[in-house]
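Please work through the exercises below with the sequence and the coordinates open, and try each task before reading its solution.

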Amino acid sequence: MNLPCKTVNCFLLIFLVICFEAFFKVSWALPKPALSSVLDKKAPPLKTTQFPRGVPSSMRVVDVYNNNRVSYHETNLGGGVIELGAYYSNLTLGGQEFSVLIDSGSSTLVVPMKGCVTCGDYGNFYSLEKSNYEGAHYVSCDSDACQCVTSECYFCPVSRYCSENVTSACGFYIQYGSGAIYGVEIEDLLQWDKYKVPVIFGGMLHETPDFLQAPANGILGMAYPMLSCNPNYMPPIYSVLQQRDMVQHDMFALCLGHRKGQIMVGGVNTDLADGPIEWAPFDISNPATYYRVNLGGSIRINEEVLSLPEFDVGIVDSGTTLFIVTPKAFDVIKYYFESHFCHVKGLCSFYSWFQPNNVEINYPSTIVSSCVTLTDEDVQQLPSITVTIGGKIDLTMTPDDYMYRAYDSQGNVYRCLGISTSEQGGGIQAIVGDVLLQKHLIVFDRENRQIGIAPAHDCFDSCSEHHSCSSCIRNGCAYNFETGSCASSRVLEKDSSAGWCAGFPCEVACDVL
């Protein structure tokens, strides 16, 4: 009997689906992400928002091999802190490309705008005239979109804030520790991986010096909406995706590898984890702002528990590079180090390198890192430091993690302390930054008000870069016909769910589809 080709294709597809169900089912306790985008890792921003955001551009160096002589150097911004790094993702606004820092400690999308005279050399500046989106426009100051929304903002110092730079346009300002940024609100078409949606964002027309560091030229905040009141409410990008039903589950995940990372929205690719995900509850404020966690009032140095004052509540912040504690807690840590590790060069000298980032008398307008000329062998004499989140999740920094490498403009390498201080306020006593988060998969499960963390070394699954069925299968990956996702074929080793397969049968199905 000669069947029409179309009917044969249907029978083939049915046969393949049965095979998939029988042999290739994969079970996920967590939903797969709707978006999985590669993050590059580059140098972090240099100044602070409400909290310290990165590594200062200047270094105070103690030379332990030259009578502890103290000198000052400028960090080589082209790569001085690249081994520590911050993580950024690529997106477009009106067809114009930007690399934005993924920041779980803020909620606003901000990029530098043409006409910003105080901005650094970011390469790309947003221009309304260059937008390829017909509906791109400045948000009008008398529109409903330009106001402080009490239901989201909790407290409104003014009902609306108009731009000081663009006539009749809506403005924004965000206060930072060493100044502020301000600019104009714009609506344009965002394209971020598979997402394509009109959004309102901030076009920066003024910044404090060194606010961002190339190649990052923007910030994408992923925290709760209340932090997007500047003072007008700009709906966070994550909230916009939720409102348009583009995010099925209220969660996102960051995998922060040594060289690259990934951000996953609406779910998590557990295949990136090198071990089980451990869970702990968030300590969410009312109203919700940051991703707060309980820290238990102590850390472990090697295996010894050290109680710390003012160390009960902290925030998990991918936009902050260092581990930040209060001055009182820092002093206790420093005293412990000096009491137990004085054999490490320069630690107990008059010009000890165990100092927080601070304003120096010699450089009154500059925050400087505390750095030292230690060798790798010297650094390995220092202890590990473990922070426990929610009484359940241990995050351990090795000496290599918290004594990060930095370079001056001549290429000389130094070790700089990745622990610093700040008076946070608002009930927040510490910031869990990238020195602790790197080499981990972090799940921000807003739906169940919990955080999940697992070890993850590389965080880069090249399979996620393939978007078509045939490209996925022919590159040795596994394809999911239900979600259209591509992942490592290791996914087939997990327990059953539905839709995943790899190899020749899937390639045939791809051709049929």
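The exercises that follow treat disulfides first and then a sheet with its helix.

The model is predicted, so local features need pLDDT of at least 70 and side-chain atom pairs count only at pLDDT 80 or more, while totals for chains, interfaces and linings use all residues. Residues are numbered from 1 along each chain as its sequence is written, and side-chain values use heavy atoms, with hydrogens and water left out.

**Exercise 1.** Find how many disulfides the whole structure holds, taking as a disulfide a pair of cysteine sulfur atoms within 2.5 Å.

*Solution.* A search of the whole structure returns nine disulfides. One of them links Cys116 to Cys119, with an S to S distance of 2.0 Å, and this link is right-handed, with 85° about the S-S bond.

**Exercise 2.** Determine which parts of the chain the disulfide of Cys146 and Cys170 ties together, and whether each cysteine is buried (under 20% relative accessible area), exposed (over 50%) or partly exposed (in between; 1.4 Å probe, protein chains only).

*Solution.* Begin with the geometry: the sulfur atoms of Cys146 and Cys170 are 2.1 Å apart, and the link is right-handed, with 85° about the S-S bond. Next, place the two residues among the helices (H or I, at least four residues) and strands (E, at least two), which are DSSP runs numbered from the N terminus. Cys146 lies in the loop between strand 7 (137–138) and helix 2 (150–153), and Cys170 in the loop between helix 2 and strand 8 (171–176), so the pair ties together parts that are 24 residues apart in sequence. Finally, Cys146 is buried at 0% relative accessible area, and Cys170 is buried, also with a value of 0%.

**Exercise 3.** Establish the handedness of the disulfide between Cys342 and Cys348, and the exposure of both residues.

*Solution.* The S to S distance of this pair is 1.8 Å, and the angle of -125° about the S-S bond makes the link of Cys342 and Cys348 left-handed. Cys342 is partly exposed at 43%, and Cys348 is partly exposed at 34%.

**Exercise 4.** Describe the open sheet that has the strand order 17-16-22-23, where two strands pair if DSSP finds at least two bridges between them.

*Solution.* This sheet has four strands with antiparallel pairing, and its edge strands are strand 17 (304–307) and strand 23 (393–397), each of which pairs on one side only. Five bridges join strand 22 (385–389) to strand 23, and Val387 stands opposite Leu395 in strand 23.
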